[in-house]
Amino acid sequence: MTALPALLIGATLWMVAGLVPACTVSERERLTSPNAAFDVVIFSRDCGNTEANTQAALVPPGEEVPFDAASFYSVGVDADLSPRWISVSALELTTPSGQKPYRSDETVAGVSVTYRAAN
């Protein structure tokens, strides 16, 4: 008797999951920190009918960016962020001129982030 409700709930969840668009991450650039503690990854995320976007996240070296990764910087355009490690605890990104970012954290995982406007 308890197997039937569990089966119905499982089937419903499986069908609903098929209706939600899957997100894909397209990696554009990756740069390992001087101490090899992190990779800064520049990527875009597409979840179906998604507008252009450019994001940055820190991930463990060599690991893929998960589809649900929390980015510390994101902007609603295709952009070349030209990441540059200044030191093991400082990172610099070039931001697109005239574009207000959705997110631009000043620190992430103990790394300070400096934003430089593109020329």
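Here a colleague and a modeller talk through how the terms used for this structure are earned.

Colleague: What kind of model is this, and how are its residues numbered?

Modeller: This is a predicted model, in which local features need pLDDT of at least 70 and side-chain atom pairs count only at pLDDT 80 or more, while totals for chains, interfaces and linings use all residues. Residues are numbered from 1 along each chain as its sequence is written, and side-chain values use heavy atoms, with hydrogens and water left out.

Colleague: What makes up the secondary structure of the protein chain?

Modeller: The protein chain has one helix and nine strands. Helices are DSSP runs of H or I with at least four residues, strands are runs of E with at least two, and both are numbered from the N terminus. Read from that end, the order is α-β-β-β-β-β-β-β-β-β.

Colleague: Why is the link between C23 and C47 called a disulfide?

Modeller: A pair of cysteine sulfur atoms within 2.5 Å is a disulfide. The sulfur atoms of C23 and C47 are 2.0 Å apart, so the pair meets that rule. By this rule the count comes to one disulfide. C23 sits in the loop between α1 (3–19) and β1 (24–32), and C47 in the loop between β2 (39–46) and β3 (54–59), so the bond ties together parts that are 24 residues apart in sequence. With 110° about the S-S bond, this link is right-handed. In general, a disulfide is a covalent bond between the sulfur atoms of two cysteines.

Colleague: Are C23 and C47 buried or exposed?

Modeller: Buried means under 20% relative accessible area and exposed means over 50%, with partly exposed in between (1.4 Å probe, protein chains only). C23 has 23% relative accessibility, so C23 counts as partly exposed. At 26%, C47 counts as partly exposed too. Across the protein chain, buried residues make up 31% of the 119 residues.

Colleague: How do you know that β3 is largely enclosed?

Modeller: Six of the six residues of β3 are buried, so the rest of the structure largely encloses this strand. Both faces are covered: T54, A56 and L58 are buried on one side, and Q55, A57 and V59 on the other.

Colleague: What makes β2 and β3 a pair?

Modeller: Two strands pair if DSSP finds at least two bridges between them. Five bridges join β2 to β3, so these antiparallel strands pass the test. Among the partners, D39 bridges to V59 and F43 to Q55. Three bridges join β3 to β4, which also run antiparallel, and Q55 has S74 as its bridge partner in β4.

Colleague: Why are β1 and β7 said to stand at the edges of their sheet?

Modeller: Five strands form an open, antiparallel sheet in the order β1-β2-β3-β4-β7. β1 and β7 (103–104) each have a single partner strand, so one side of each is left without a neighbour in the sheet.

Colleague: Which residues touch the most other members of the largest nonpolar core?

Modeller: A nonpolar core is a set of buried Ala, Val, Leu, Ile, Met, Phe, Trp, Tyr and Cys residues joined through side-chain atoms within 4.5 Å. In the largest one, with 16 residues, L58 and F72 touch the most other members. β2, β3, β4 (73–75), β6 (90–95) and β9 (111–117) each supply at least two residues of this core. Another core, of six residues, lies apart from it and includes V41, F43, A57 and A69.
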